[in-house]
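Colleague: Could you take one part of this model and walk me through it closely? I'd like to hear how it sits among its neighbours.

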Amino acid sequence: MTPLQLAPLREFLADFTRLVQEPHEQTQILAQGSHLLGRLIREDNWLPHEFAQPHPGHYQQYLLYADPLSRFSVVSFVWGPGQKTPVHDHRVWGLIGMLRGAEVSQNFIRHPDGTLQPEGNAVTLQPGDVEKIAPDQLDIHQVSNFYQDQVSVSIHVYGGNIGALSRAVYLPDGTEKTFISGYSSPHLPNIWDLSKEKNHV
């Protein structure tokens with residue numbers, strides 16, 4: 001098994017912090033951020049094992065990092081075979097990068113009568129793909145594991161502490177039910193201890 005290398009995650013967090021420190025518009029953050037996320041997910045040797053574990057009943061959302069000023073957060077989404085989200089929104093910008101397996105994202109649009117209908121074709125993300133989410137555009141979607149027989153893992157970056165934001169899931173008639181997702185693990189990965197790496201040199 002390839003040894004875990006946490007340096008790519010630390011480098012990504014440093015670069016993304018520099019990005020959000022600048023007075024960029026949302027479009028610039030999404031464009032530059034998608035490049036940074038794409039570089040992170042190009043390699044698959046950095047995600048700690050405990051933050052890639054599925055649950056038999058529902059998907060998992062593990063917090064990898066939350067900016068102390070709530071400018072962004074990074075989570076790993078772990079999909080068991082055949083698992084999917086309800087139709088939901090985000091209310092902040094987001095980036096979704098596929099690390100392992102594949103997932104399907106179907107956008108929805110609200111009609112004048114309030115009902116929701118699928119908008120366009122579903123998008124399948126493969127390892128290395130990055131999708132952008134913007135709350136002023138198509139922000140309502142449903143995501144599912146492409147596979148019925150294997151686990152998929154994606155890395156998400158959001159423009160806020162996503163586990164603490166009030167958002168909504170939607171019924172087919174467009175009725176909203178607000179929720180705060182929280183996170184699947186009470187523990188954070190310890191990515192800042194460099195002692196093992198430095199002692200190994």
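Modeller: Sure, and keep in mind that this is a predicted model. Let's start with a pairing: strand S4, residues 103-110, and strand S6, residues 123-125, line up antiparallel, with three bridges between them. Within that pairing, valine 104 of the pair faces threonine 124 in S6. Valine 104 also stands opposite serine 144, which belongs to S8. That brings in the next partner: S8 covers residues 140-145 and runs antiparallel to S4, with six bridges joining the two.

Then there's S5, residues 116-118, which pairs with S4 in the antiparallel sense too, over three bridges. Here arginine 110 has leucine 116 in S5 as its bridge partner. S4 and S5 make a hairpin, and five residues lie between the two strands. Have a look at glycine 114 in that turn: its phi is positive, about 95 degrees.

So how covered is S4 itself? Mostly: of its eight residues, six are buried, and by that I mean under 20% relative accessible area.

For a bit of context elsewhere in the chain, try helix H1, residues 7-21. H1 has 15 residues and spans 21 Å from first C-alpha to last, close to the 21 Å expected at 1.5 Å a residue. Its buried residues include Leu9, Phe12, Leu13, Phe16, Leu19 and Val20. Polar or charged names turn up on that buried list as well, among them Arg10, Asp15 and Thr17.

Definitions and conventions. Residues are numbered from 1 along each chain as its sequence is written. This is a predicted model: local features need pLDDT of at least 70, side-chain atom pairs count only at pLDDT 80 or more; totals for chains, interfaces and linings use all residues. Side-chain values use heavy atoms; hydrogens and water are left out. Buried means under 20% relative accessible area, exposed over 50%, partly exposed in between (1.4 Å probe, protein chains only). Helices (H or I, at least four residues) and strands (E, at least two) are DSSP runs, numbered from the N terminus. Two strands pair if DSSP finds at least two bridges between them. The expected span of a helix is 1.5 Å times one less than its number of residues.
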